[in-house]
Amino acid sequence: MFEGVRSPLIYTPRSLSEFATVIGRHPQAILWAGGTYLMSRSDYYPTEARDGIIDLSYMEELKRITRTDRYVEIGAMVTARQLLSAGRLLLPPILQQTLSSIGTQIVRRQVTVGGSLCISDARFSLSTTLAILAATAEVKRYDNGKVTTHWIPIAKLYEKDGKLNLGAKNALLTRIRIGLEFGDFQRFVVFGDPIRRSDECGIVALQAKREQNGLSKVQFCVTFPGKAFHISKDIESKLSGSALPIHPEKVNILSHELVAELTKMHSTISELQLERARRIFESFLHDLNSQSLL
Ligand SMILES: Cc1cc2nc3c(=O)[nH]c(=O)nc-3n(C[C@H](O)[C@H](O)[C@H](O)COP(=O)(O)OP(=O)(O)OC[C@H]3O[C@@H](n4cnc5c(N)ncnc54)[C@H](O)[C@@H]3O)c2cc1C
């Protein structure tokens, strides 16, 4: 069955400068982080046509977690499990909830931050949550022997259908940065199974800051894996500045505006996905309201 299939060449750079040399020589090579997504593809067994594999797991500089007074930086090769245990006191609750929702303990041991953010064609939980936390990513682009470094908001790494765009054919996400000032209201819900039934799945996340009787800095993202990565600036700005509690009629209007926006911009989302996302969005706002009455 595997006649004629040769093992791929595997390159193991130990630093960013070694990586630059390897990617310069093998521009078609596949970057391998935890391998969980790559191995789940039907065509994952590398064929001779490919240019080998670059295994990122020897690059210690991609495994660091550091913090300052204002932000925490997390290397691309930090796993979901490491981040959960190292960041319990440090990370916003919504990020902990997101990481805990990824697969099983065994999967979380393998899944990396960079691998989660750099799947080429589908967005899942971590991209959604980091987008609303206004996290940024350091991306290195490799072009004809020249390396350039860019800090890009995670919300801007993706097209509206969720496809990854690192800005160059050869690029490496090296670390992410998350500010330590976050909203005191955070919600994250996944419905459906992102991997086995991604067609029926949706991921919804919202954060906001509550001040006196009003809301500020509302950030909202809804993702349908393989179909859409949606940040609604309109809904964010209509909610920011709203007085609490939000009138039930306004909740109803906003949730239907969300559906109208999603339908207009992303034709492939099913009716059921739309309805579930709408109800979850409404439930977030009702939750905000009931807490404001305590
Ligand atoms: C059983 C199972 C259940 C799962 N459940 C969930 C779930 O509930 N929610 C959820 O969100 N996800 C879930 N996942 C998906 C999981 O999030 C992805 O498989 C995972 O994020 C990929 O991470 P990885 O480190 O294994 O990446 P890999 O598979 O190694 O790589 C993924 C892609 O990213 C590229 N890449 C990797 N690192 C970099 C980098 N630093 N710079 C540029 N490109 C890079 C690779 O070339 C590849 O294209 C599940 C996966 C499995 C197997």
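**Helices 4 and 7**

I began with helix 4 (residues 93–100) and helix 7, whose axes come within 9 Å and cross at roughly 175 degrees in this model, which is a predicted one. Angles over 145 degrees count as roughly antiparallel, so that is the label for helix 4 and helix 7. Next I looked up who makes the contact: I94, L95 and T98 come from helix 4, while S125, L126 and T129 come from helix 7. By class, I noted three nonpolar, three polar and no charged residues in this contact.

**Two domains**

I then checked how the protein is divided: domain 1 covers 1–182 and domain 2 covers 185–292. Their C-alpha centres lie 27 Å apart. Across the boundary, 24 residues of domain 1 are in contact with 21 residues of domain 2. My two helices turn up again here, since helix 4 and helix 7 each supply at least two residues of the side of domain 1 that touches domain 2. Which helix gives the most to that side? Helix 7 does, with six residues. I wrote down the classes for this side of domain 1 as well: twelve nonpolar, eight polar and four charged.

**Around the ligand**

I turned to the ligand next and found 32 residues surrounding it. The closest are G34, G103, G114, G115 and F124. For the elements behind this shell, I listed those that supply at least two residues each: strand 2, helix 2 (36–40), helix 5 (105–110), helix 6 (113–117), helix 7 (125–132) and strand 8 (171–179). Helix 2 gives the most, with four residues. So helix 7 is on my list for the ligand shell and also for the side of domain 1 that touches domain 2. How many charged residues does the ligand shell have? It has no charged residues, with 19 nonpolar and 13 polar ones. Worth keeping in mind for comparison: the side of domain 1 that touches domain 2 has four charged residues.

**The three-stranded sheet**

Here I read an open sheet with the order 1-3-2 and parallel pairing. Strand 1 (10–11) and strand 2 (30–32) are its edge strands, each pairing on one side only. Strand 2 is also one of the elements in the ligand shell. Between strand 1 and strand 3 (residues 53–55) I found two bridges in the parallel sense. For Y11, the bridge partner in strand 3 is I54.

**The five-stranded sheet**

My last stop was an open sheet of five strands, order 4-5-8-6-7, with antiparallel pairing. Strand 4 (65–67) and strand 7 (146–153) have a single partner strand each, so one side of each is left without a neighbour in the sheet. From one strand to the next, the twist averages 20 degrees.

I went through the pairs one at a time:

- Strand 4 is joined to strand 5 (residues 71–75) by three bridges, running antiparallel, and I65 stands opposite I74 in strand 5.
- Strand 6 (residues 136–143) is joined to strand 7 by eight bridges, also antiparallel, and T136 stands opposite P153 in strand 7.
- Strand 6 pairs with strand 8 in the antiparallel sense over six bridges, and V139 stands opposite L173 in strand 8.

What do strand 6 and strand 7 form together? They form a hairpin with two residues between them. In that turn I noted N144, which has a positive phi of about 50 degrees. Strand 8, the partner of strand 6 on my list, is another supplier of the ligand shell.

Conventions:
Residues numbered from 1 in each chain as written. Predicted model: local features only at pLDDT ≥ 70, side-chain atom pairs only at ≥ 80, totals over all residues. Pairing = 2+ DSSP bridges. Near = placed C-beta within 6 Å. Nonpolar A, V, L, I, M, F, W, Y, C, P; charged D, E, K, R; others polar. Axes fitted to C-alpha atoms, helices over the stretch in contact; angles between N-to-C directions. Parallel < 35°, antiparallel > 145°, perpendicular 65-115°, else oblique. Contact = placed C-beta atoms within 7 Å. Domains from an automatic or database assignment.
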